[in-house]
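Student: I would like a close look at a single part of this structure, followed outward into whatever surrounds it. Please take the time to give each cut-off as it comes up.

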Amino acid sequence: MTFSSEPRQSSAVSREVEFRIRENEDQVRWDRLFGNESPVEVEIGCGKGRFLINSAMAFPGINYIGIERALRYFRIMKERVVRRELDNVRLLRDDAVYFVERFIPDGAVSAYHIYFPDPWPKKRHRKRRLFNTRFLEEIERTLASEGTLDFATDYVEYYEEIHALLEASDRLDALEEIPERVRELGRDLTNFETKYTAEGRAIYRGAYVKP
Ligand SMILES: C[S@@+](CC[C@H](N)C(=O)[O-])C[C@H]1O[C@@H](n2cnc3c(N)ncnc32)[C@H](O)[C@@H]1O
């Protein structure tokens, strides 16, 4: 696990916000990445970073990892994090599935947040969806005891698929409400949620805990 060192960027925060992964390296050590032992929450596919940034500002005692593979979104999010000098945020521009599988140790994550994962509506593209049995096993493995997973989508058919996968899990229990830290942030948590709410679309949510 290495910090990026981009020569054109001058501020210390901008150098340290982004980290990169190398195939032959060991699993991630959050204490080295953040310089403290605070709990770590992970957002997958954070887009322009609205949820991640609002969370990091509201809860400075929590460390946040934001993973986004699209360069255009990643750059916007990184610039916003740097501007706010959020030292409890680290960002990775890579495939979240690979990072979770290969680099996150057992029980190392306090919460996963996954909002509006790409629905891949065409039947021939469905295998590209983030949620599947294998990925869920990795979420289960890497969540700490009492760790939570919460997700949202506007795509009912994908919601039903995720719901069925989670209901089949014997390692995660459904929660009646979304986790408190997320609830406290209010509505319109992400850029996509804001857009879809304005369009009057229904939003489907789920929350689970590892007992
Ligand atoms: C529909 S957007 C939602 C963005 C944001 N969560 C929101 O609600 O505004 C889904 C995002 O997930 C990212 N994404 C999808 N699969 C990913 C993966 N395997 N690793 C990292 N990012 C991923 C996409 O690049 C895209 O920016």
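Tutor: What follows is a close look at strand β6 and its surroundings.

The model is a predicted one, in which local features need pLDDT of at least 70 and side-chain atom pairs count only at pLDDT 80 or more, while totals for chains, interfaces and linings use all residues. Residues are numbered from 1 along each chain as its sequence is written.

Strand β6 covers residues 109-115; strands (E, at least two residues) and helices (H or I, at least four) are DSSP runs, numbered from the N terminus. Of the 7 residues in β6, 7 are buried, a residue being buried if 20 or more other C-beta atoms lie within 10 Å of its own, exposed if 12 or fewer, and partly exposed in between, with C-beta atoms placed from the backbone.

The strand belongs to an open sheet of 7 strands with mixed pairing, in the order β5-β4-β3-β6-β7-β9-β8, where two strands pair if DSSP finds at least two bridges between them. At the edges stand β5 (89-92) and β8 (173-174), each with a single partner strand, so one side of each has no neighbour in the sheet. For β8 that partner is strand β9 (residues 204-209), joined to it antiparallel by 2 bridges, with Asp173 opposite Val209.

Returning to β6, strand β3 (residues 40-44) runs parallel to it and is joined to it by 4 bridges, and the pairing includes Glu43, whose bridge partner in β6 is His113. Strand β7 (residues 143-153) also pairs with β6 in the parallel sense, over 6 bridges, and here His113 stands opposite Asp150. From β6 the chain passes through helix α6 (residues 133-142) to reach β7, and this β-α-β crossover is right-handed: with the strands pointing away from the viewer, the path from the first strand over the helix to the second runs clockwise.

The largest nonpolar core has 45 residues, and Val81, Val89, Tyr112 and Tyr115 are those with the most contacts inside it; such a core is a set of buried Ala, Val, Leu, Ile, Met, Phe, Trp, Tyr and Cys residues joined through C-beta atoms within 7 Å. Within this core of 45 residues, β6 gives the most, with 5 residues. In soluble globular proteins, nonpolar side chains tend to be buried together. Leaving aside neighbours within four places in sequence, Tyr112 is in contact with Val42, Ile44, Ile139 and Leu149, contact meaning that the two C-beta atoms, placed from the backbone, lie within 7 Å.

Tyr115, in turn, is one of the residues touched by Glu193, which also touches Phe116, Ala152, Asp188 and Ile203, again not counting residues up to four places away in sequence. Glu193 is found in helix α9 and counts as buried because it has 20 C-beta neighbours inside 10 Å. Its C-alpha atom is separated by 8.5 Å from that of Thr153, 40 residues apart along the chain.

Helix α9 (191-198) leads on to the ligand, since α9 and α5 (96-103) each supply at least two residues of the shell around the ligand, and the largest share, 3 residues, comes from α9. There are 21 residues around the ligand, of which Gly45, Gly47, Ala96, Thr190 and Phe192 come nearest, a residue being near a molecule or strand if its C-beta atom, placed from the backbone, lies within 6 Å of it.
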